[in-house]
Amino acid sequence: MIIGYARTSTVDQIAGLEAQLRELEAAQCKKIFREQVSSVAVRAQLEAALEFAREGDVLVVTKLDRLARSVADLMMLIHTLEKKAVGLRILNLGMDTQTPTGKLMLTVLGGVAQFEREMMLERQREGVAKAKAAGKYKGRTPLATELRQEVVSLAESGMVKTKIARELKIGEATVYRILAASKNYSKAGIGNE
């Protein structure tokens, strides 16, 4: 069976979703899974498509970025499909992993994408180092002392860390760091500043 998967990042991208659906129907997909969700969110319909696929089926997407968020994610998805003996077809690249050429192209493209990402990160690190040397890079602005005190106060009142993060609109990891630092101050006898 030919199975289609269509995704847009937001619900506002109706035209993009409709275009993908037309292409998947033209590719003779018998069942199409669709969703409008960011690639970093849980993609329930992609998971459903992977679960639905059986040996000999082919999963079809219009573009590679509709399927995978990174090279690592792509390789994980390909591995999952290979374990189930399910092929992958990417329409805009004319690529089909059921052929040796398709497998080679996908591996090469994955390697190129990984190389490109690493080069971008290297340039970013160089830029940050240069800005620091010039005194222009100060890093992230520290959280206000009042906010830090509010985190500690809410934690001492018994509120759970996830609720504190939601309430104050900060990351959960930030809450953990603030509380860890506040405990270290207490242990050192300095007190919570």
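In the predicted model, L104, V108 and V112 together make a nonpolar surface patch of about 270 Å². One of these residues, V108, is located in helix α4. The relative accessible area of V108 is 47%, and this residue is therefore classed as partly exposed, since the partly exposed class lies between 20% and 50%.

Helix α4 also contributes to the largest pocket of the structure, to whose lining it gives 5 residues, the largest share. The volume of this pocket is about 230 Å³. Its lining comprises 13 residues, and those nearest the centre of the pocket are A68, R69, S70, V71 and A113. Two elements, α3 (71-83) and α4 (100-133), each supply two or more residues to this lining. With respect to residue class, 7 of the lining residues are nonpolar, 3 are polar and 3 are charged. In general, empty space of this kind is revealed by rolling a probe the size of a water molecule over the atoms.

Pairing between charged side chains was examined next. Side chains of opposite charge can pair when their charged atoms come close. Across the whole structure, 3 salt bridges are found. In one of them, the side chains of R43 and D73 meet at 3.0 Å, N to O. This pair connects distant parts of the chain, as R43 belongs to the loop between β2 (31-36) and α2 (44-52), whereas D73 belongs to helix α3, and the two residues are 30 residues apart. Both R43 and D73 are buried.

A further salt bridge joins R66 to D65, with 3.4 Å between the closest N and O atoms. The two partners fall into separate accessibility classes. R66 has a relative accessibility of 14% and is therefore counted as buried, because the buried class comprises values under 20%. D65, at 42% relative accessibility, is counted as partly exposed.

The salt bridge between D96 and R89 likewise has its closest N and O atoms 3.4 Å apart. Here the acidic partner, D96, is buried, its relative accessible area being 17%. The relative accessible area of R89 is 23%, so this residue is partly exposed. Thus, in the pair formed by R66 and D65, the arginine is the buried partner and the aspartate is partly exposed, while in the pair formed by D96 and R89 the aspartate is buried and the arginine is partly exposed.

Notes:
Residues are numbered from 1 along each chain as its sequence is written. This is a predicted model: local features need pLDDT of at least 70, side-chain atom pairs count only at pLDDT 80 or more; totals for chains, interfaces and linings use all residues. Side-chain values use heavy atoms; hydrogens and water are left out. On a 1 Å grid over the protein atoms alone, a cavity is a set of points where a 1.4 Å probe fits but cannot get out, and a pocket is an open set with protein on both sides within 12 Å along at least five of seven lines; lining residues have an atom within 4 Å of a point. Grid points are joined across faces, edges and corners, and a volume is the space filled by probe spheres set on the points. Helices (H or I, at least four residues) and strands (E, at least two) are DSSP runs, numbered from the N terminus. Ala, Val, Leu, Ile, Met, Phe, Trp, Tyr, Cys and Pro count as nonpolar, Asp, Glu, Lys and Arg as charged, and the others, Gly among them, as polar. A salt bridge is a side-chain nitrogen of Lys or Arg within 4 Å of a carboxyl oxygen of Asp or Glu. Buried means under 20% relative accessible area, exposed over 50%, partly exposed in between (1.4 Å probe, protein chains only). Patches are made of residues with over 30% relative accessible area and no salt bridge: like charges are joined within 9 Å, nonpolar side chains (Val, Leu, Ile, Met, Phe, Trp, Tyr) within 5 Å. Accessible areas come from the Shrake-Rupley method with a 1.4 Å probe; for residues, only the protein chains shown count as cover.
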